[in-house]
Amino acid sequence: MTDVTSRRSVLTDKLGVEIDPELLSLALTHRSYAYEHGQVPHNERLEFLGDSVLGQAVTVRLFTAHPELEEGALAKRRASVVSTVALAEVARGIGLGDHVLLGRGEDQTGGRDKDSILADTMEAVIGATFLSAGPDAATAMVLRLVEPLLADPERHGAAMDPKTSLQELAARTGATPPVYSVISAGPDHDRRFTATVSVGEVSAEGTGSSKKQAEMAAALRAWHMISNDDF
């Protein structure tokens, strides 16, 4: 067994499902890697499919599990579970960033821990699971991975509006209000932002394709740190 095969076996063990090796490899291939290796296929089509599978699985679970909730409340919960920051949290929980195939530049600028890349790759893996193992297996995997998000009502608010949730948490715990700083790097067509938020003695970073996305990612991380969550 090669090193790559062994490491991907660890990943599929965490996913709890067998995925065709070629489909899994495609799901892990970021467009930056494809560009540097002669335009080989990348994972964006699988990402498109996985987004739909994810949305359906979460929608059906919320609808059946919460008959007491109105449409608006269901929509808010679904949005929080399928958001970029929430999916990136799921991806970090299974160590997905270690397996992504990235171009050299993206890798050197911290691409393996960027919320957008992690979330997109997570969706691509879901798409690959759907094609390889079928809709039932894909749905089961999705629900298994997002169960902590579905089970924790407070996390819905934090994932949906991290900055407000962090500010409220700081006030409840007597910490100083959040202070943000943001830097950016990269060309105009692919600029990446890194935000740092300080709340009392806690400091956390987040990345994104916009200043707002980076600040939200940083806020969510800080929220979990202060809440003593296993982030």
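## Around E106

Leaving out residues up to four places away in sequence, E106 touches H30, S32, G111, K114, I117, D190 and R192. The model you are looking at is predicted, so please read every contact below in that light. E106 sits in helix α7. Is E106 buried or exposed? With a relative accessible area of 9%, E106 counts as buried, because that value falls under the 20% cut-off.

A little further along the chain comes G110, in the loop between α7 and α8. G110 is partly exposed, with a relative accessible area of 35%. Its C-alpha atom lies 9.0 Å from that of T207, although the two residues are 97 apart along the chain.

## The largest pocket

E106 also has a place in the largest pocket, which holds about 420 Å³ of space. The lining of this pocket counts 21 residues, and those closest to its centre are E106, T109, K114, D190 and R192. Three of these, K114, D190 and R192, also appear among the contacts of E106.

Which elements supply at least two residues each to the lining of the largest pocket? They are α3 (31–36), α7 (104–108), β1 (179–185) and β2 (192–199). The biggest share is that of α3, with four residues. Sorted by class, the lining has 10 polar, six charged and five nonpolar residues.

## The nonpolar cores

Now for the nonpolar side of the model. As a general background, nonpolar side chains in soluble globular proteins tend to be buried together. Here the largest nonpolar core has 38 residues, and the members that touch the most others are L15, V58, L96, M122, V125 and V146. Two or more residues each come from α1 (3–15), α2 (21–27), α4 (44–65), α5 (71–81), α6 (84–93), α8 (115–133) and α9 (135–151). Of these, α9 gives the most, with eight residues.

V125 is a handy residue to click on. Neighbours within four places in sequence aside, V125 is in contact with L15, I19, A27, L28, L96 and M141. There is also a second, separate core of 18 residues, whose members include L166, L169, A170 and L220.

## Where α8 meets α9

How do α8 and α9 cross, and within what distance do their axes come? The two axes come within 7 Å and cross at roughly 145°. On the α8 side, the contact is made by M122, V125, I126, T129, F130 and A133. Facing them in α9 are P135, A137, A138, M141, V142 and L145.

By class, this contact has 11 nonpolar residues, one polar and no charged. M122 and V125, in the α8 half of the contact, are also among the residues with the most partners in the largest core.

## The cavities

A search of the whole structure turns up two cavities of 30 Å³ or more. The largest cavity has a volume of about 40 Å³. Its lining is made up of L54, L87, V90, M122, I126, V142, L145 and V146. Two or more of these residues come from each of α6, α8 and α9, and α9 gives the most, with three.

What classes of residue make up the lining of the largest cavity? There are eight nonpolar residues, no polar and no charged ones. Among the lining residues, M122, I126, V142 and L145 also take part in the contact of α8 with α9.

Key: Residues numbered from 1 in each chain as written. Predicted model: local features only at pLDDT ≥ 70, side-chain atom pairs only at ≥ 80, totals over all residues. Heavy atoms only, no water. Core = buried A, V, L, I, M, F, W, Y, C linked by side-chain atoms within 4.5 Å. Buried < 20%, exposed > 50% of the residue type's maximum accessible area, 1.4 Å probe, protein only. Contact = heavy atoms within 4.5 Å. 1 Å grid on protein atoms, 1.4 Å probe; cavity = no way out; pocket = protein on both sides within 12 Å on 5 of 7 lines; lining within 4 Å. Points joined across faces, edges and corners; volume = space filled by probe spheres on them. Nonpolar A, V, L, I, M, F, W, Y, C, P; charged D, E, K, R; others polar. Axes fitted to C-alpha atoms, helices over the stretch in contact; angles between N-to-C directions.
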